[in-house]
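Reader: I'd like a close look at one part of this model, starting from a single spot and working outwards. Could you pick a place and talk me through what surrounds it?

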Amino acid sequence: MKEFFEEDKGLSACETVIMKAIWDAEGDISIPDLIEVLRTEWGKDYARTTVTTFITKLMAKGYVNTYRKGKLSYAHAVKSEEDYKKKLAVNDRDFWFGGKITNLISALCSDKKLTQNEADEIRKILDD
């Protein structure tokens with residue numbers, strides 16, 4: 001776990017929302033469009049300077065790159081959402097569940113009964 005945070009430095013709550021908005025864009029997104037998505041989809045009414053500060057921090061952590069095209073700046077995700085989610089899951093498994101995937105799965109299923117389709121999908125994953 002310690003290695004995860006030292007290597008990737010993790011994401012703050014605000015950085016996570018911004019990265020999610022960038023990943024959801026499925027391509028490069030202009031900063032004005034990003035600000036609008038954060039406001040309408042995530043309820044975050046951040047000033048342009050705030051978003052720019054977070055983008056700078058995300059660049060330093062290796063999550064995004066930016067470039068200018070005409071008068072607009074664009075953000076481009078460098079790290080994929082899937083890779084980030086996998087690292088989070090492994091980190092949580094190791095930290096909260098003592099590295100035991102069975103304890104993680106038990107916690108994930110504790111508040112909702114699995115559907116037959118979900119159980120079949122899990123069996124397929126385990127068989128592969």
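Author: Let's start with Gly 27, which is found in the loop between H2 and S1. Keep in mind that this is a predicted model. With a relative accessible area of 35%, Gly 27 is partly exposed. Leave out residues up to four places away in sequence, and Gly 27 touches Ile 22 and Ala 75. Gly 27 and Ala 75 are 48 residues apart along the chain, yet their C-alpha atoms are separated by 8.7 Å. Those two contacts give us two directions to follow: Ala 75 takes us to the sheet, and Ile 22 to the core.

Take the sheet to begin with. Ala 75 in S3 stands opposite Ile 29, and that fits into the antiparallel pairing of S1 (residues 29–30) with S3 (residues 72–77), which runs over two bridges. S3 also pairs with S2 (residues 64–69), again in the antiparallel sense, this time over six bridges. Put together, you get an open sheet of three strands in the order S1-S3-S2. That leaves S1 and S2 as the edge strands, each pairing on one side only. As for what joins such strands, it's backbone hydrogen bonds, in either a parallel or an antiparallel arrangement.

S2 and S3 form a hairpin with two residues between them. Gly 70 sits in that turn and has a positive phi of about 70 degrees. At this end of the hairpin, Lys 69 stands opposite Leu 72 in S3. Elsewhere on the hairpin, Tyr 67 faces Tyr 74 across the two strands, standing opposite it in S3. Hold on to that tyrosine couple, as it comes back below.

Now the other direction, Ile 22. The largest nonpolar core has 21 residues, and Ile 22 is among the ones that touch the most other members, along with Ile 18, Met 19, Leu 34, Leu 38, Val 51 and Ile 55. Helices H2 (13–24), H3 (31–42) and H4 (48–60) each supply at least two residues of this core. H2 gives the most, with six residues. Grouping of this kind is in line with a general tendency: in soluble globular proteins, nonpolar side chains tend to be buried together.

Leu 34 shows how the two directions meet. Setting aside neighbours within four places in sequence, Leu 34 is in contact with Ile 18, Ala 21, Ile 22, Ile 29, Val 51 and Ile 55. So Leu 34 contacts both Ile 22, which Gly 27 touches, and Ile 29, the residue opposite Ala 75. H4 has a link to the sheet too: H4 lies across S2 and S3, running at about 125 degrees to S2.

On to the rings. A search of the whole structure finds five aromatic pairs. One of them is Tyr 46 with Phe 54, whose ring centres are 6.2 Å apart and whose planes are at 45 degrees, so the pair is tilted. Both partners are buried, Tyr 46 at 17% relative accessibility and Phe 54 with a relative accessible area of 14%. Back at the hairpin, the rings of Tyr 67 and Tyr 74 have their centres 5.3 Å apart and their planes at 10 degrees, so this pair is stacked. Tyr 67 is partly exposed, with a relative accessible area of 34%, whereas Tyr 74 is buried, with 18%.

There's also a cluster in which ring pairs link Trp 23, Tyr 63 and Tyr 84. Tyr 63 has a charged partner as well: the charged end of Lys 79 sits over its ring, 4.6 Å from the centre. Trp 23, for its part, is touched by Glu 81. Glu 81 is found in helix H5 (residues 81–96) and is buried, with a relative accessible area of 18%. Not counting residues up to four places away in sequence, Glu 81 also touches Lys 20 and Asp 24. That brings us back round to H2 (13–24), the helix before the loop that holds Gly 27.

Definitions and conventions
Residues numbered from 1 in each chain as written. Predicted model: local features only at pLDDT ≥ 70, side-chain atom pairs only at ≥ 80, totals over all residues. Heavy atoms only, no water. Phe/Tyr/Trp six-rings, centres within 6.5 Å; stacked < 30°, edge-to-face > 60°. Buried < 20%, exposed > 50% of the residue type's maximum accessible area, 1.4 Å probe, protein only. Lys NZ or Arg CZ within 6 Å of the ring centre and 35° of its normal. Pairing = 2+ DSSP bridges. Helix = DSSP H or I, 4+ residues; strand = E, 2+ residues; numbered from the N terminus. Core = buried A, V, L, I, M, F, W, Y, C linked by side-chain atoms within 4.5 Å. Contact = heavy atoms within 4.5 Å. Axes fitted to C-alpha atoms, helices over the stretch in contact; angles between N-to-C directions.
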